[in-house]
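Colleague: Got a minute? I'd like to walk through a structure with you.

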Protein chains: 2
Amino acid sequence: MSSRAISGFPELLPEDRLVETFVENRLREVFELHGFVGIETRAVEPLAALESKGETSKEVYLLERLQSARTLRSGDRGLDKNTLGLHFDLTVPLARYVLSNSNSLIFPFKRYQIQKVWRGERPQEGRFREFTQADIDIVGQGNLDFHHEVEAAEVMLSALNSLGIGQPLMEVNNRKLLQGIFTAVGIEDFDESLRALDKLDKIGVDGVAKILSENGLTTHQIEVVTGAAAITAGSSAELRERVGAFGLQSEALEVGLQELGELVDQAALFAPGQVRASLRIARGLDYYTGTVYETVLPGYESFGSICSGGRYDKLASDGKRVFPGVGLSVGVTRLVSLILGAGLLKASRSTPSAVMVIVNDEDSRDASEEVARTLRNRGIAAEVSPSSQKYGKQIRYADRKGIPFVWFVEAGAHSVKNLATGDQQEAAPLTWDPPNDCLKPQFDRTS
Amino acid sequence: MSSRAISGFPELLPEDRLVETFVENRLREVFELHGFVGIETRAVEPLAALESKGETSKEVYLLERLQSARTLRSGDRGLDKNTLGLHFDLTVPLARYVLSNSNSLIFPFKRYQIQKVWRGERPQEGRFREFTQADIDIVGQGNLDFHHEVEAAEVMLSALNSLGIGQPLMEVNNRKLLQGIFTAVGIEDFDESLRALDKLDKIGVDGVAKILSENGLTTHQIEVVTGAAAITAGSSAELRERVGAFGLQSEALEVGLQELGELVDQAALFAPGQVRASLRIARGLDYYTGTVYETVLPGYESFGSICSGGRYDKLASDGKRVFPGVGLSVGVTRLVSLILGAGLLKASRSTPSAVMVIVNDEDSRDASEEVARTLRNRGIAAEVSPSSQKYGKQIRYADRKGIPFVWFVEAGAHSVKNLATGDQQEAAPLTWDPPNDCLKPQFDRTS
């Protein structure tokens with residue numbers, strides 16, 4: 001059997017998977033503290049649904065039953081709208097889930113979803129073809145008040161802060177504000193100019209100006225767009241002052257200023273210094289209609305955004321009803337690869353076990369098992385030595401796995417040895433407790 | 001967008017997903033208490049690897065990049081050994097994972113894995129094409145002592161018992177014992193007779209006898225096989241007595257008797273009455289070499305096995321080294337469908353929130369957010385009312401989601417109302433605690 005890795009399909013060793021699990025669990029806990037319920041959706045959607053979201057549909061993996069692939073002549077293996085493909089994000093499935101269950105859900109519906117997604121990319125360095133996303137969305141029926149756009153930022157920053165990897169910086173913008181600026185200065189094709197602006201980080205101001213010029217914008221229009229894109233602000237007052245300097249007016253601009261200002265002012269209460277208005281943030285996709293979010297980890301800005309999203313007025317619609325929403329998505333696999341690569345978190349051991357119980361000889365394995373059972377009943381993860389070799393060999397097994405304590409079953413009093421300190425003390429299974437920081441694997445910076 | 005369900009790809013509403021999450025979390029907690037570490041493997045394997053495990057390879061879903069499907073002429077869309085398919089179980093990926101990481105893993109390697117698997121079946125009633133499995137395996141390098149076959153049963157029964165859905169009955173057998181009986185009575189084709197025996201529950205004793213007869217077995221041989229298959233025993237003494245009545249002798253028979261007897265005697269210590277030797281248990285797959293396990297939930301025997309597995313002497317091999325293992329697998333999706341269908345567990349609410357904070361008017365939403373933040377910092381899941389409508393309407397929203405408490409922000413003292421009892425009391429966010437059974441959703445029988 002081949003045991004080769006497949007490019008783009010990452011797998012982790014146990015100690016690294018423990019870090020990933022820690023990240024997923026922390027996110028989950030904080031999402032739940034905010035009243036978000038976890039759902040899972042099927043991994044597949046019909047091709048028609050996957051193609052409804054534009055560009056990304058190019059990168060879909062289609063499914064075909066092996067039986068069909070073998071028995072049908074190749075000419076009959078056609079694609080149609082019902083061909084199933086693996087989902088490439090968690091938004092398309094959410095939209096469908098909301099539509100099909102709208103009579104059972106209570107709106108606003110707050111859900112989180114931590115699941116694998118797949119992209120049928122050509123194999124290339126650094127691109128994941130299978131990865132985990134952690135999404136939160138708040139979905140309304142008919143309408144969804146602006147305060148949920150503030151809520152989404154608060155929930156996600158609380159979750160990211162709980163990881164202990166530093167305080168991420170969330171950069172926010174508002175589509176209405178950009179649209180308002182563009183309208184006020186007489187730019188007609190909003191989407192095209194937005195896509196140019198979205199390339200700012202890659203191609204710089206000159207590159208963007210060149211595209212806008214090719215699109216027929218005047219020098220003045222280009223100056224306003226690139227000038228506005230340079231604006232950042234930490235409060236509504238700063239924002240009004242800096243945007244005001246351009247002397248523009250439009251209805252959308254006023255609504256956008258109001259919303260974006262409210263978001264940064266509110267954020268100063270729940271995450272001081274972590275949310276900044278940044279008019280450069282465009283986000284490529286055209287379905288966003290209000291707040292847009294990107295998030296970087298200070299010191300690792302070149303890694304790009306670890307968490308992005310936005311407000312969309314039409315997540316889903318069945319013709320009669322419309323479901324607006326706001327959502328943010330963490331690329332868990334990417335974030336964990338950053339965390340592991342930069343040594344931001346490391347597991348203190350490669351097993352959940354806090355204790356390994358020594359086996360004196362195979363005839364007395366029962367007695368060792370009984371000790372482990374008592375410890376487990378008290379919530380202490382324990383395993384029994386797989387062998388009854390000499391103590392030194394048994395201890396070496398525990399030590400290699402990073403198990404902090406070994407337990408000696410003796411005729412008189414039992415004793416427990418701390419492998420890190422060498423300290424050995426009498427102990428009874430019904431009363432002994434490991435130090436709090438040894439009960440479960442800990443996750444700390446490596447430096 | 002179509003919101004149709006796809007046959008075989010189940011999805012749960014939030015309150016049912018809470019039950020599934022509860023089941024997964026309980027299994028995970030108990031696996032970890034026993035020192036098992038969680039891993040995840042990629043969802044795909046090369047077709048060659050998927051075909052190495054016999055029959056099931058017929059039911060594989062193959063992947064194809066949409067780009068290729070569109071751009072290649074159909075004649076060029078060939079299958080080869082590198083074509084990727086979705087894994088149909090967690091054993092094939094484990095074998096590969098162990099081989100590729102054998103230098104980094106510490107053996108015996110104890111891992112659990114809770115992940116989706118896919119089977120490319122034709123759509124039909126009651127067959128899942130996407131489902132979650134929870135597997136535990138203990139994998140040795142070179143050898144793996146018998147006591148791990150006892151351990152696997154103990155871990156899994158502890159995990160299943162923790163669900164609060166009754167005490168499952170694990171029926172166990174041993175391939176060596178069956179082989180020994182077959183050999184002693186002169187049957188040569190072990191695999192063929194085993195496959196016939198595996199059909200006992202479906203086609204009855206007469207049906208099995210018919211197949212064995214067609215396979216050329218003598219009347220005496222058939223009598224022994226079907227007679228032995230009727231044996232059950234709760235202790236090694238019972239087992240020896242009942243098998244002894246057939247007056248057979250072989251080396252394998254003696255080893256099998258010894259092992260199976262030890263398993264049921266040990267199990268009487270950790271799960272009294274829950275493990276029974278049953279010589280009927282054959283398990284179809286031919287790679288098992290020692291203990292085999294099946295598990296039923298009393299009262300729901302017709303549902304079939306909720307957890308099965310066995311010992312295999314060769315999980316993986318790279319030519320030089322061999323990795324034996326023992327493992328058990330729970331069909332989580334099937335088990336949860338039984339639990340929900342039979343009402344064995346129900347979530348006490350459809351949201352994690354223990355409290356909803358009332359909003360007096362939009363200008364004072366901040367004050368309500370502040371209360372919720374204080375509660376969350378103390379580990380109490382809280383959400384703020386999405387609207388500032390009349391109290392009655394806000395309370396109705398909380399009530400529909402099953403949130404047990406609503407919080408009133410008042411100029412003087414705050415108060416909190418228990419929606420189930422109507423009781424309302426003064427409370428402060430820094431000191432108030434919900435009753436323990438209201439902090440998180442509870443999972444109880446519905447009747």
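Modeller: Sure, let's go through the sheet and then some aromatic rings.
Modeller: This is a predicted model, where local features need pLDDT of at least 70, side-chain atom pairs count only at pLDDT 80 or more, and totals for chains, interfaces and linings use all residues. Residues are numbered from 1 along each chain as its sequence is written, chains are lettered from A and ligands numbered from 1 in the order in which they are written, and side-chain values use heavy atoms, leaving out hydrogens and water.

Colleague: Okay, in what order do the strands of the chain A sheet run?

Modeller: The order is S1-S5-S6-S12-S11-S10-S7-S9-S8, an open sheet of 9 strands with mixed pairing. Strands are DSSP runs of E, at least two residues, and helices are runs of H or I, at least four, numbered from the N terminus; two strands pair if DSSP finds at least two bridges between them.

Colleague: Which strands stand at the edges?

Modeller: S1 (37–38) and S8 (232–233) of chain A; each has a single partner strand, so one side of each lacks a neighbour in the sheet.

Colleague: And in what sense do S7 and S9 of chain A pair?

Modeller: Parallel, over 3 bridges. A:Met170 stands opposite A:Val275 there.

Colleague: New topic: how many aromatic pairs are there over all chains?

Modeller: A search of the whole structure finds 24. Rings of Phe, Tyr and Trp (its six-membered ring) pair if their centres lie within 6.5 Å; planes under 30 degrees apart are stacked, over 60 edge-to-face, and the rest tilted. One of the pairs is A:Tyr287 with A:Tyr288, tilted, at 5.0 Å centre to centre and 50 degrees between the planes.
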